[in-house]
Amino acid sequence: LLGATFSTRAEKLNVAAGTSVFLHCRSKTDNDPPLIIWNYNGKLLLKKMNGKIFKGKTDMSLCRHGRENLPVGLLSFTVTGSKSGYLLQGDTLKLHLSPVKDARIEWFEPRKTKVTGNEPRWKLQKDSLQILNLTVQEDNGIWECHIFPYNVNISYNVKVLGFFYSEKAAMHTILIICYFLFWLDIKPGFSNLLDEFQFATFNSSISLSCALNIDQQEKSDQEIPKVQSWKWLKNNILVKDHNISNINRSIQQISNVHSEDAGQYQCHIGFKHGILIKTINLIVVKVSAIPPMLKSKENNVTLCGHISPSAPPLTELCWVYVNESTSQPKCGSPISENKFCHVATTEGLWRCDLKVNNDVKISIDYVLGKFQEKNLSFIFWQQQAKRMAQIKQHLLAKRTCQCQR
């Protein structure tokens, strides 16, 4: 064409799959020629003739600007997962990048921390990342793949279905598991961080919960799998089979807690392709005093704190005399006998604290009183009257037997 010059420099564009990209057919003049043609691998994609546009069927790759050909190289990267949709806590997922060629890859987890390859559950390979034993707290969210030298970033949403996560409770559990595994000389794998310890006092009420991290009634998310079964077990024995429609109220209520209520509870929620299990270790604490009251200045009372079924690691029981602000707590580990006792000689308010890693979980007050003489006389005559009544019953029984003979 007379009076027009064109750029014949080839372009290379690197993009992430699923994103939009603009391909330009540039000229060095402001006026477009009467004919512009876009081809992809030799097939017609788009033709602009005298201001009118005619479309083809495939992607873009080659622009014919008048009589000149302007090649445009388009490299599209994509990340795929070995499984799609929601995955259950404990599943394994492999993220794969293609194409790789001479690319250098960096992966970033949902909190934007770079994966180094030294993590116990994240296995880094040349073109992929394998996530073992998926957890809600660490793996659920947007993962990113950074591709060098192409300057392309790709996001991938990892959806992990599990139980509601409390960061404070999880950190407490991690400390207990670390201590326990160190004591047994076992290298931690953190495969069951959903195990919890809950504490209750004697005769109190407690609710055990296994709420999911998503709303099962959410209608807009069609990928949420349906619950097939839901039940509670205690020490591997079925306690209750729940109505599936009430999954958002996944609570096991225990009233008037006793020592026999202590133990391991498990919430089982079944799906079509797997099952979620949450374990809760219920620890029951009570106090006792022998004798229940001080009799005189020379006598004393043994105050004991009891733990059922057994104390978790990093646990201690402490007795403190509340009536005196300067009183120092008397603490000891209850692991050997599941109790810790302190000999008290002072009447007043005493408190038993159960601590885990110096964090008070349960406190129980005990008022230590003193026997008065009138109390002792009353108890003596009460015991005498009881013995006389028993003797009278024995005599009546003997007389009846003689009459029968």
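Mentor: Let's settle one term before we start: a strand here is a DSSP run of E at least two residues long, a helice is a run of H or I at least four residues long, and both are numbered from the N terminus. Please also keep in mind that this is a predicted model.

Trainee: Thanks! With that term in hand, where is P309 placed?

Mentor: Start with the peptide bond that joins S308 and P309, which is cis, with omega about 0°. Strand β21 covers 301-308. P309 itself sits in the loop between β21 and β22.

Trainee: Which residue does S98 join through a cis peptide bond?

Mentor: Look in the loop between β8 and β9. The peptide bond that begins at S98 is cis, with omega near -10°. Its partner in that bond is P99.

Trainee: How many strands and helices does the protein have overall?

Mentor: For a sense of the whole, buried residues make up 38% of the 405 residues in the protein. It exposes about 24,700 Å², and carbon and sulfur atoms supply 51% of that area. The secondary structure comes to 26 strands and three helices.

Trainee: Among contacts between residues at least 6 apart in sequence, what share joins residues at least 24 apart?

Mentor: Contact here means heavy atoms within 4.5 Å. Taking the contacts in the protein between residues at least 6 apart in sequence, the share that joins residues at least 24 apart is 58%.

Trainee: Let's turn to the sheets. Which strands stand at the edges of the sheet β23-β22-β25-β26?

Mentor: This is an open sheet of four strands with antiparallel pairing. An edge strand has a single partner strand, so one side of it is left without a neighbour in the sheet. That applies to β23 (330-332) and β26 (359-368).

Trainee: By what angle are neighbouring strands of this sheet turned against each other on average?

Mentor: The strands follow one another in the order β23-β22-β25-β26. With direction ignored, the average turn between neighbours in this sheet is 20°.

Trainee: Which residue stands opposite W319 in β25?

Mentor: Strand β22 spans residues 315-321, and strand β25 spans residues 348-356. The two run antiparallel and are joined by seven bridges. Opposite W319 in β25 you will find C352.

Trainee: Which are the edge strands of the sheet β7-β13-β12-β9?

Mentor: Here too, four strands form an open sheet, and its pairing is mixed. Its neighbouring strands are turned by 30° against each other on average, direction ignored. The strands that pair on one side only are β7 (86-88) and β9 (104-108).

Trainee: What is the bridge partner of F108 in β12?

Mentor: Strand β12 covers residues 141-148. It pairs with β9 over five bridges in the antiparallel sense. The partner of F108 is E144.

Trainee: How many residues lie between β10 and β11 in their hairpin?

Mentor: Strand β10 (residues 122-124) pairs with β11 in the antiparallel sense over three bridges. K123 stands opposite Q130 in β11. The number of residues between the two strands is three.

Trainee: And which residue stands opposite L93 in β11?

Mentor: β11 (residues 128-131) also pairs with strand β8 (residues 93-98), over four bridges in the antiparallel sense. In β11, the residue facing L93 is I131.

Trainee: V79 caught my eye. Does it count as buried or exposed?

Mentor: V79 belongs to strand β6 (residues 68-81). Beyond its neighbours within four places in sequence, its contacts include L95, W107, C145 and Y156. The cut-off for the inner class is under 20% relative accessible area. V79 has 9%, so it counts as buried.

Trainee: How far apart in space are V79 and P99?

Mentor: In sequence, V79 and P99 are 20 residues apart. From C-alpha to C-alpha, the distance is 9.3 Å.

Trainee: What is the phi value of N203?

Mentor: N203 lies in the loop between β14 (196-201) and β15 (206-209). It is partly exposed, with a relative accessible area of 46%. Its phi is positive in a residue other than glycine, with a value near 70°.

Trainee: Last one: what is the relative accessibility of N357?

Mentor: N357 is in the loop between β25 and β26. Its phi is also a positive value in a residue other than glycine, near 55°. N357 counts as partly exposed, at a relative accessibility of 39%.

Conventions. Residues numbered from 1 in each chain as written. Predicted model: local features only at pLDDT ≥ 70, side-chain atom pairs only at ≥ 80, totals over all residues. Heavy atoms only, no water. Pairing = 2+ DSSP bridges. Axes fitted to C-alpha atoms, helices over the stretch in contact; angles between N-to-C directions. Buried < 20%, exposed > 50% of the residue type's maximum accessible area, 1.4 Å probe, protein only. Areas by Shrake-Rupley, 256 points an atom, 1.4 Å probe, with all protein chains shown as cover.
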